[in-house]
Amino acid sequence: MAACLMAVSAFSVSASANSALENMKATIYGGATVSSASAEKTAVGKFFFTARANTSDGWNTSGNEWVYFRGRSAKNNAQATKLVHRNYYGEQVRDYMGYLSGYGTLGTNYRIAIEYDNSNPYEYVNLRMTWTP
């Protein structure tokens, strides 16, 4: 029971927190794709994100396709969070990233960056990203 409560609380986000939504595409050997949208950090805690396929060919459901995720400062595009490397099995991916030193301040705006792992068997990924810094 305690493990279930911890899992639920790990992804709970304040109702007053600001979120952003953007459809994003990343290509093999294309480097990071940074969102044009940003969201203001209005609550203490980690940088939460949700990723899901945006099109029918958006992200392979077999788990053999990997994507990197990282929060970026909207002010100077600097890397603001730790890097997360995730794959996909047909449902949305929900995860969080801790902030790097000097980032995570309330009132600051953040973007999200995605990067398609160059070892993937396909050419690109199309994702619908939601994030709450």
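The legends below describe close-up views of one predicted model.

Residues are numbered from 1 along each chain as its sequence is written, and side-chain values use heavy atoms, with hydrogens and water left out. Because the model is predicted, local features need pLDDT of at least 70 and side-chain atom pairs count only at pLDDT 80 or more, while totals for chains, interfaces and linings use all residues.

**View 1. The whole chain holds one helix and nine strands.** Along the sequence the pattern reads α-β-β-β-β-β-β-β-β-β. Helices (H or I, at least four residues) and strands (E, at least two) are DSSP runs, numbered from the N terminus. Of the 133 residues, 38% are buried, where buried means under 20% relative accessible area, exposed over 50%, and partly exposed in between (1.4 Å probe, protein chains only). The accessible surface comes to about 7,100 Å², and 50% of this surface belongs to carbon and sulfur atoms. Such areas come from the Shrake-Rupley method with a 1.4 Å probe; for residues, only the protein chains shown count as cover. Among contacts with a separation of 6 or more, 74% join residues 24 or more positions apart; a contact means heavy atoms within 4.5 Å.

**View 2. Four strands form an open antiparallel sheet.** The order of the strands is β1-β9-β4-β7, and two strands pair if DSSP finds at least two bridges between them. β1 and β7 each have a single partner strand, so one side of each is left without a neighbour in the sheet. From one strand to the next the twist averages 30°; the axes are lines fitted to C-alpha atoms, for helices over the stretch in contact, with angles from 0 to 180 degrees between N-to-C directions.

**View 3. β1 pairs with β9 in the antiparallel sense.** Eight bridges join the two strands, and T27 has Y124 of β9 as its bridge partner. Side chains alternate along β1: A20, E22, M24 and A26 point to one face and are buried, whereas L21, N23, K25 and T27 point to the other and are not.

**View 4. The largest nonpolar core has 25 residues.** W59, F69, L127 and M129 touch the most other members of this core. Among the elements that give two or more residues to the core are β5 (66–73) and β8 (109–116). A nonpolar core is a set of buried Ala, Val, Leu, Ile, Met, Phe, Trp, Tyr and Cys residues joined through side-chain atoms within 4.5 Å. In soluble globular proteins, nonpolar side chains tend to be buried together. Leaving aside neighbours within four places in sequence, the contacts of W59 include F69, R86, Y88 and L127.

**View 5. Two buried strand residues, D95 and T132, make polar contacts.** D95 lies in strand β7 and has 15% relative accessibility. Its side chain makes a polar contact with the side chain of R86 (3.0 Å). A polar contact is a pair of N or O atoms within 3.5 Å; within protein, one must be able to donate a hydrogen and the other to accept it, and residues adjacent in sequence count only if both atoms are side-chain atoms. T132 lies in strand β9, with a relative accessible area of 8%. The side chain of T132 makes a polar contact with the side chain of S19 (2.5 Å).

**View 6. Y29 is an exposed residue in a loop.** The loop runs between β1 and β2 (33–34), and Y29 has 63% relative accessibility. Y29 and Y116 are 87 residues apart in sequence and 7.6 Å apart in space, C-alpha to C-alpha.
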